[in-house]
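Subject: Structure for you to look at

Hello,

Here is the structure I said I would pass on. Please open it first, then read the notes below with it on screen.

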Amino acid sequence: MEIIEKAPAKLNLFLDTPFRHPDGAPEWQMVMTAIDLADYVKVTPYFKNQLITVETDLGFLPQDQRNLAFQAAKILQKRFAINQGVQIKIRKKIPVAAGMGGGSADAAAVLRALNKLWNLELSRVELARIGLLIDSDVPFCVYSQTAAVSGKGEIIEPLPDLPPFWIVLAKPRASVSTAGVLKKIPYSKLGHGDYNKMLLATASQDLKQILPVMTNVLETVTQTNVPEILRLKHKMIEFGAQTAQMTGSGPTVFGICEHYSRAQHVYNSLKGFCETVQLVRPCHLHCECRQ
Ligand code: ATP
């Protein structure tokens, strides 16, 4: 028996942090959504041993306990005293260290897959709580739907699906260390977004209300080291995107267009300025990762 799970990337439509917890973790105020750019994770049981193995099609990624997918399997195996190993194979499509939560998406896919394979019958809330032990984005990735995310990443409140629109993704060459960015958040100088307004705007499913309230307070931190972020944002707007913003700790920038023709124009125009450009949409209710 094998289980294949889709592991969609995430985007932060809204990312703010009002304070840091005593253990150093930021308190988050986020609105996140899953997009139709996804890794695929295949989990197959080993019947004769308790080994956990990870293979990916990207040679430079860790294939051992440093891989978040491995950590997800290990936690469930240990916690529920499972006497079975698993082979995890990951087909990577989500750019690595890009602010799109690729490792967290893979870990969440393993949690969902093993919940089925080992008949654990854990609810999404329970899986999300376990996911937080791996990374702050794993709880959201367990849900993989538009949601308000708060606490250290473990409080997930699903929101209605977003209205239809197109997303142009542009990833500068630089890779960003999330831990490094989080350490440098300038709390005393931070200008804050209006989280409640964003929650209301998202609930209204009206793009005109959502776009002006979007923000990401980590942009200022990452831009210091990756000035291309600002350049790409300006280019996106110049080519016709209705808004442009960095996702997560970066460095990927995304532009939003309501209409396909405009998004395609932004996509084609950007290709001359950035190596990695993609045209995607938000995941919607029919997405297989919700099942
Ligand atoms: P986040 O903002 O959640 O930290 P990200 O999208 O910026 O995510 P990832 O693609 O998850 O970053 O990769 C961050 C680091 O995690 C990489 O340097 C990589 O070595 C490590 N990693 C561990 N497991 C995985 C995995 N399954 N896929 C990708 N990276 C992984």
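Start with Asp137, which sits in the loop between helix 3 (124-131) and helix 4 (138-143). Keep in mind that this is a predicted model.

Is Asp137 buried or exposed? It has 29 C-beta neighbours inside 10 Å, so Asp137 counts as buried; the cut-off for that is 20 or more. Apart from residues within four places in sequence, Asp137 is in contact with Lys10, Gly101, Ser104 and Gly153.

Lys10 is the next residue to find. Its place is in strand 1, and it counts as buried because it has 28 C-beta neighbours inside 10 Å. Setting aside residues up to four places away in sequence, Lys10 touches Asp137, and its other contacts include Met32, Met100, Gly101 and Phe140.

These two residues also appear together in a record: an unreviewed UniProt entry carries the annotation "active site" for Lys10 and Asp137. They span 128 residues in sequence, but their C-alpha atoms are no more than 8.9 Å apart, so they gather at one spot.

Now the ligand. How many residues surround the ligand? There are 22, and Asp137 is among the closest, along with Gly102, Gly103, Asp106 and Thr178. Helix 2 gives the largest share of this shell, four residues. Helix 1 (68-79) and helix 2 (102-117) each supply at least two residues. By class, the shell has nine nonpolar, nine polar and four charged residues.

The same UniProt entry type, unreviewed, gives "domain: GHMP kinase N-terminal" for residues 67-144. Over that stretch the chain is 54% helix and 9% strand, with the end C-alpha atoms 20 Å apart.

Last, the domains. The domain assignment gives domain 1 (3-159) and domain 2 (166-280). Their C-alpha centres lie 23 Å apart, and the contact takes 26 residues from domain 1 and 30 residues from domain 2. On the side of domain 1 that touches domain 2, the elements giving two or more residues are strand 1 (3-16) and strand 2 (28-46). Strand 1 gives the most, with six residues. That side of domain 1 has 17 nonpolar, six polar and three charged residues. The shell around the ligand draws on both domains, with at least three residues from each.

Regards

Technical notes: Residues numbered from 1 in each chain as written. Predicted model: local features only at pLDDT ≥ 70, side-chain atom pairs only at ≥ 80, totals over all residues. UniProt positions renumbered as here; feature names shortened; annotations may be inferred. Near = placed C-beta within 6 Å. Nonpolar A, V, L, I, M, F, W, Y, C, P; charged D, E, K, R; others polar. Domains from an automatic or database assignment. Contact = placed C-beta atoms within 7 Å. Buried ≥ 20, exposed ≤ 12 C-beta atoms within 10 Å, placed from the backbone.
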